[in-house]
Structures are given as C-alpha cells and as structure tokens.
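Colleague: Please take a close look at a single part of this model, the one you think repays careful reading, and then set that part in the context of the rest of the chain. I would like the cut-offs behind each term to be given along the way.

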Amino acid sequence: MRDSKAFPLKYSVVVPLHDEQESVRELHQRLSDAMTGRYEPVEFLFVDDHSTDATPKILAEIAEFDPRVVVLRLKRNYGQTTALAAGFDYAAGDIILSMDGDLQHDPADIPLLLETLEQAGCDIVSGWRQKRVDNFLMRRIPSRVANWMMAKLSGVDIHDFGTTFKVYRRDTIKDIRLYGEMHRFIPALAAWNGAKVVEVPIRNVVRPEGRSHYGISRTFRVLFDLITIRFLLRYMTRPLHFFGPAGLLGGLVGGAILFFLFLKKVFLGTQLFVQHGPLLVLGMMLCLFGLQMLALSMMRDSLMRTHSEANQRPVYRIERVMGARLAGTPS
C-alpha cells in the first residue's frame, strides 16, 4: 500500500478492466471531465485484470500523459472481485469510488454519489440501476430475485447489490477482505461492521462497444454466494451455533436408538443384527454424524481464531505498475 502522507489524496477512482480496449479511452476522458475542477486531488486507478487485447497498451499511453492515472496489471486473470480488492488496497484517497470499465456506468452520476456521501453522513453510497436496460428474461428477472434474497438474508435494505458503482469512505472499505465473487456483498459485510449504507438511483446505459462478460451462469454462482454470505454474517464468529444443533440432534437421536437396542439385547436377548440390523446401522451413523458436526464446528472455530490473528497476504499478484505516483508499492 502506498504512503498516503507522501501523496495526500481526497479521491481515488478504482476501475477493474478486462479486455475493454473499445471503451477505455472514452472512459478516461469522461472520468476526467467529471472529476477535474470539482473533485481534486484525485487519482484514477485502472486495474488491468490481465487483458489479452490492446487494453494494456492503451492504458500505458493514458498513464504517460495523465499523472493522475495509475495502472495495476495483475499477473493473471483473477476476476472482478480480486481486481477490485487490488485497487482498494492500492488506493490512497480518503474517499474511494468504484465502477465498471464498460461505460454502462455513467461518470456523470459521480457527483450525485459524492454529494450524497457528504450530505447523508453515511459510509457507503450504492448505485441503484432503477431502470435497467438488460435483457428482461435473462438478466432482469434473475437479478430482481437475487437482490430480493440478498436483502432478506443480509438485512440490508437496498435494491441493487450487483452494481459496482459505489462510493466508500476509506476506513470502511479498507476493513473488508474480498475474495471469490464477494464484491456484490460489500454493503452487507460493511453493515455487519456497523457501516451506514445509502442507495441512490443511477443511470444504466447500453454497453456502447464490445460484449458483456457476464451471462445467465452468473445467477447460479450468486445463489451459492448467498449461502456463503448468510453463514458469514450470522455464524462467522460462532460456527458452533450453525453446526452444533444438527450435530447435537443427530447424536441424541442416534444415542437414543442405540440405548433402546442395548436394552432389548440385555433384557430380551434380541438378535440385533438379525431383527434390527437397519435400525442399528442408522443409530451408529447418526452418532457418527453428530460427532463429526461437533468436531467440525470446533475446528472451524479454531481456524477462525487463527485466521483473525494471522497476518493476511493479498490473494493477487501484481505484474507491474505504471503511472506517475510510484513512491510506494501495494502491500
């Protein structure tokens, strides 16, 4: 992470990019138009998620003539969440803004998000694509269902978890560890830490060039992530409360079955394997299941403590950094 004292910055704009050669020049120009004169000093952090087209070359050219631009090229294609994490780690601004690089997020909406952050006194301002332009059947319906489920499971009452267009206070986003595809759950994770989240409508425009990198398959990944986030928010620090009841119930039922069969064997001389073979196997399996669940929960608790105390290393590796502000390196 760079030394923020060496380069005191008010704003950092983090943009993950992957094969966006058609839009990156216009994106930079529109970002510059939105921020110059009103929101400075500012840096533009373009995180190249190992693009294979002309994106790296174009970013290098932009960084040469605009000293506010910093380009982080990752060593391989990690995905959007990890690219965002790299940008957040490297960002030195007190206020950090993130957005997609395909121009479906309009930089002209940036003043609305920044003004809301100051006026509402909140920690996160999240964009809401109130009028979406995606395919109704393939994108909008699954998105509405997923957002409704996320709001119910996380307890954060916003309409659009999926958009990357958000503004964060530095301390809020720096406290959140991102991995997998968890960027859409940042408001829920931040709210769990006590952050205040506000949502404002933003424009959602048709992608001008290229094609979307997302399809219907992402909906299924979101459903799996919902299960993960539910566990993280409610049981991350107390896994025994999640696994314990199932293990205890299985152990008690299995123990009761085995005790019943033991009494029949002792007092009635019942041939257990002949008359109650399946019931005996069921009792033994339930007891083993209960022991495994309790052992798993205690092991999970120990791992959580170790994880919390260990020194965390980033899950990404940076191939190179381009730009004028090179006095420090990411952690």
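Modeller: A short stop at the far end of the chain comes first: F267 lies in helix α9, which covers residues 240-268, where helices (H or I, at least four residues) and strands (E, at least two) are DSSP runs numbered from the N terminus. The model is a predicted one, in which local features need pLDDT of at least 70 and side-chain atom pairs count only at pLDDT 80 or more, while totals for chains, interfaces and linings use all residues. Residues are numbered from 1 along each chain as its sequence is written, and side-chain values use heavy atoms, with hydrogens and water left out.

F267 counts as exposed because its relative accessibility is 65%; here buried means under 20% relative accessible area, exposed over 50%, and partly exposed in between, with a 1.4 Å probe and protein chains only. Together with F259, F262, L263, V266 and L268, F267 makes a nonpolar surface patch of about 670 Å². Such patches are made of residues with over 30% relative accessible area and no salt bridge, like charges being joined within 9 Å and nonpolar side chains (Val, Leu, Ile, Met, Phe, Trp, Tyr) within 5 Å. The areas come from the Shrake-Rupley method with a 1.4 Å probe, and for residues only the protein chains shown count as cover.

The part I would choose for the close look is helix α1, residues 24-35. Helix α1 has 12 residues and reaches 16 Å from its first C-alpha to its last, close to the 16 Å expected at 1.5 Å a residue, the expected span being 1.5 Å times one less than the number of residues. The buried residues of α1 are V24, L27, H28, L31, S32, A34 and M35. Seen down the axis of α1, these buried residues fall within an arc of 165°, so they line one face of the helix; the arc is that of the directions from the helix axis to the C-beta atoms. The buried residues of α1 pack against β1 (9-17), β2, α2, β3 (69-74) and α4, a contact being heavy atoms within 4.5 Å.

Helix α1 also carries charged side chains: R30 and E26 meet in a salt bridge at 3.2 Å, N to O, the term meaning a side-chain nitrogen of Lys or Arg within 4 Å of a carboxyl oxygen of Asp or Glu. Both residues lie in α1, 4 residues apart, which is about one turn of the helix. R30 is partly exposed, with a relative accessible area of 25%, and E26 counts as partly exposed at 38%.

Just past the helix, α1 is followed by G37, whose phi is positive, near 90°. In the loop between α1 and β2 (42-48) lies P41, which is joined to E40 by a cis peptide bond with omega about 0°. R38 forms a salt bridge with E115, the closest N and O atoms being 3.3 Å apart. Because E115 lies in helix α4 and R38 in the loop between α1 and β2, the pair ties together parts that are 77 residues apart in sequence. R38 counts as exposed at 52% relative accessibility, whereas E115 counts as partly exposed at 33%.

A further bridge joins D106 to R203, with the closest N and O atoms 3.8 Å apart. That pair links distant parts of the chain, D106 being in the loop between β4 and α4 and R203 in the loop between β7 (197-202) and α8 (217-235), 97 residues apart. D106 is buried, with a relative accessible area of 12%, and R203 counts as partly exposed at 42%. Salt bridges that share partners join E26, R30, D106, D109 and R203 into one network, which brings the account back to helix α1, where E26 and R30 both lie.

The loop between β4 (93-98) and α4 (110-120) also holds L103, which has a positive phi of about 70° although L103 is not a glycine, and which counts as buried at 1% relative accessibility.

As for the whole chain, there are 11 helices and 8 strands, and buried residues make up 47% of the 331 residues. Among contacts with a separation of 6 or more, residues 24 or more positions apart account for 81%.
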